[in-house]
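Trainee: Could you take me through this model, beginning with the way its chains touch?

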Amino acid sequence: MYDFQLILTYLPDLLHGLWMTVLYTVGGLALGLVIGVCAAVLSLSRLRAMHWLVRAYVDFIRGTPLLLQLFILYYALPSLGIKMSAPVAGVLGLGINAGAYLAEIFRAGFEAVPRAHVQAARSLGMSYWQTLIRIELPQAATLVLPPLANEMISLVKSTSLISTISIAELMRSGQIAVSVTFAPLEIYSVVAVFYLLINLSLANLVRWLEQRKGSGARSEARRTLMDVGV
Amino acid sequence: MSQDTAAARPMVSVRQLTKRYGEHTILKGINLDVAASEVVTLIGPSGSGKSTVLRCLNFLEAPSSGEVLVDGERLGYVEGPGGKLLRRAEADVNRQRAEIGMVFQQFNLWPHKTVLENIIEAPMLVRGTKRDEAIAIARKLLDRVGLLAKQDAMPMTLSGGQQQRVAIARSLAMQPKVLLLDEVTSALDPETVRDVLDVIKGLAVDGMTMVLVTHEMSFAREVADRVVFMDEGIVMEVAPPEQFFSAPRHERAQAFLSKVL
């Protein structure tokens, strides 16, 4: 039997977990975006050392599990005298992890901006940085929206791993409730609905952004094709 | 060209310009002077190095050897103590580029900005022009190229000819000393070419110094003060258009003209 009363009883706890998951997602994403853009810019710079440094960072993060990275931050670093609270380790771990994937996404985005647009900017006297920020970044941002959505959704789900460093986010709140009620069906189905809610909102937000930004050739072509019913 | 301007310092001066990519030599010692208010067209078979010359003229390409002077100032380099060549600082190169307009075959408008934003971007960022002032200048230029009504349009919604006229306006907004035009009508539909050529002709009448690479022989004849014929990285012939098109001296030029005319 499915016990709805039980869900109502534990809803406040689960909603608190949902809120924590949203907070850690936002924190991790904000940090990840900053790291990702910086790493992408550095990897495209003319300084070879920077290029290799970013390469090493991306390879290390992508080559090891997030769970391990969280454990290193929270359990291993204190042995070296670097102690941090669980929330700090959580946001840092998520941000550093997302940053590596976002760096690759942004690098691809920057490389997809036609060189001719850059040359036009430089021919007008704009500097490397002015061109990067005013001409390349906005175009790259539009190009990377679809892979960015993937990464954000993946990040939301990754936050479940910070439950292992004792942060009561959505997954952990669910586990605690189940350990008390012995009602995994009711509790975990609500947890699943909550994750879906976050991710569907995110996906739709990005889709909306894409359409709003879609003044490029592709959406123009799509409009034309819609006109003729294709 | 009158006697006075010929005696004055040339606006553009190219001395023994060479450009190599690895083993391949594109430019083999180009010499060329362009006087203020003069219009020079570079013509020649594809691969002759015309576009490379233009790209060296605003330092989108660095010369392998030789020098380019614009308004008496050497592009990209300064002579240090003992005659040693030193690369200019990036800010200095940017300042030089800002004074040399370049219009590209593929327009290269920025697709994420409106027509007006494309034009005011560089004056505001590079010259620090106030937004209101930049917009006023941009609107004047758009009016001049006949596209004031399109100021809020996105570039992708314009025809090729319209985009190219916006690109010209974008270059003019920096009030360049020289305007370089690289096959600006080659990517256009035939019916939109004329509008672009009319804009360029208007600039010539107003005294804009221009160097243009073109395949439009009739236009070269119409607008140019001098025609420079290039082949295989060498300037083969320099002559006034009426002389060049009616009686080219060099046999390569004769062969080229017999193919394109």
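Trainee: How many residues does the contact take from chain A and from chain B?

Mentor: This is a predicted model, in which local features need pLDDT (the predictor's confidence in each residue, from 0 to 100) of at least 70 and side-chain atom pairs count only at pLDDT 80 or more, whereas totals for chains, interfaces and linings use all residues. Residues are numbered from 1 along each chain as its sequence is written, and chains are lettered from A in the order in which they are written. With contact meaning that C-beta atoms, placed from the backbone, lie within 7 Å, the count is 21 residues from chain A and 21 residues from chain B.

Trainee: Which helix gives the largest share of the side of chain A that touches chain B?

Mentor: Helices here are DSSP runs of H or I with at least four residues, and strands are runs of E with at least two, numbered from the N terminus. H5 (115-123), H6 (128-143) and H10 (217-227) of chain A each supply at least two residues of that side. The largest share, 7 residues, comes from H6(A).

Trainee: Which element of chain A has the lowest mean pLDDT?

Mentor: Chain A averages a pLDDT of 91, and 92% of its residues score at least 70. Among its elements, helix H3 (residues 66-76) has the highest mean, 96, while the lowest, 60, belongs to H10(A).

Trainee: What is the strand order of the open sheet in chain B?

Mentor: Strands pair if DSSP finds at least two bridges between them, and 8 bridges join E1 (residues 12-21) of chain B to E2(B). The edge strands, each pairing on one side only, are E2 (24-34) and E5 (73-74) of chain B. The pairing is antiparallel, and the order of the 4 strands is E2-E1-E4-E5.

Terms used
Contact = placed C-beta atoms within 7 Å.
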